Amino acid sequence: MNYSFTQPGKKTILKKVSRIWWGYIFLTLFIFAGFVAMLKVQGYFMQQNEKAALEAQQQMLKQIKEYQEMMIIEEEKVQFEAYAVNQNKMLQESVENLFDLIPEQITLNKIQMEQYQLTLYGTTPSKQIYTFLLEVPLRSIFNQSRADFYMLPNGWYNFVSISKLNQEEVQ
């Protein structure tokens with residue numbers, strides 16, 4: 001028996017409007033899930049970039065340290081070269097002054113220069129010429145000066161003169 005003028009319709013659990021809302025909700029959740037996945041991927045790539053940047057920074061710091069060490073070594077070489085040039089100049093001046101100090105009557109055969117000692121080997125016509133012309137200037141320069149003479153058959157003398165500086169006064 002039928003008491004209605006209309007035919008009964010099928011009843012669904014969700015109405016058409018509810019299905020649209022559920023579709024939007026699922027679409028929104030899908031978009032959020034995609035956004036979260038995209039953020040995770042970007043985060044992963046950022047971590048990889050950070051690791052690469054840290055490695056590059058460490059490599060650069062290592063290179064900077066190596067360059068600084070090389071620069072220190074080169075500075076030491078430059079300082080050593082300047083020191084050597086200065087020492088050579090002083091030695092050259094000392095040798096020139098020594099040769100200027102030697103009178104014409106005295107002939108030198110050999111010179112030994114050490115840091116605190118000067119040894120001269122030579123020939124002189126007499127002990128007095130050596131004493132007045134060479135020993136006096138040597139005594140004014142050095143703290144100790146001693147000469148040993150050996151007579152030659154021609155009447156001249158071979159001499160060995162050792163002149164020393166005190167090491168404490170030089171430093």
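Which residues are buried in α2? In this predicted model, the set is Y130, L134, E135, P137 and L138.

## Helix α2

Those buried residues of α2 pack against α1 (16–101), β2, β3 and β4. The helix isn't straight, either: α2 bends by about 40 degrees at E135, with a proline, P137, following within four residues. Both E135 and P137 are among the buried residues of α2.

What about its length? Helix α2 covers residues 127–141, so its 15 residues should span 21 Å at 1.5 Å a residue, and that agrees with the 20 Å between its end C-alpha atoms.

## The strands

Strand β4 has two partners to look at here. With strand β2 (residues 117–124), β4 (residues 157–164) runs antiparallel, and eight bridges join the two. One pairing to look for is L118, whose bridge partner in β4 is S163.

On to strand β3 (residues 144–151): β3 and β4 also pair in the antiparallel sense, over eight bridges. Here A147 has S161 as its bridge partner in β4. The β3 and β4 hairpin has five residues between the strands, and G155 takes a positive phi near 95 degrees in that hairpin.

## A closer look at S163

S163 sits in strand β4. Is S163 buried or exposed? Its relative accessibility is 1%, so S163 counts as buried.

The side chain of S163 makes a polar contact with the side chain of S145, at 3.1 Å. Leaving aside neighbours within four places in sequence, S163 is in contact with Y116, Q117, L118, L138, F142, Q144 and S145. Of these, L118 is also its bridge partner, and L138 is one of the buried residues of α2.

Terms used: Residues are numbered from 1 along each chain as its sequence is written. This is a predicted model: local features need pLDDT of at least 70, side-chain atom pairs count only at pLDDT 80 or more; totals for chains, interfaces and linings use all residues. Side-chain values use heavy atoms; hydrogens and water are left out. Two strands pair if DSSP finds at least two bridges between them. Buried means under 20% relative accessible area, exposed over 50%, partly exposed in between (1.4 Å probe, protein chains only). A polar contact is a pair of N or O atoms within 3.5 Å; within protein, one must be able to donate a hydrogen and the other to accept it, and residues adjacent in sequence count only if both atoms are side-chain atoms. Contact means heavy atoms within 4.5 Å. The expected span of a helix is 1.5 Å times one less than its number of residues. The bend at a residue is the angle between axes fitted to the seven residues ending there and the seven starting there.
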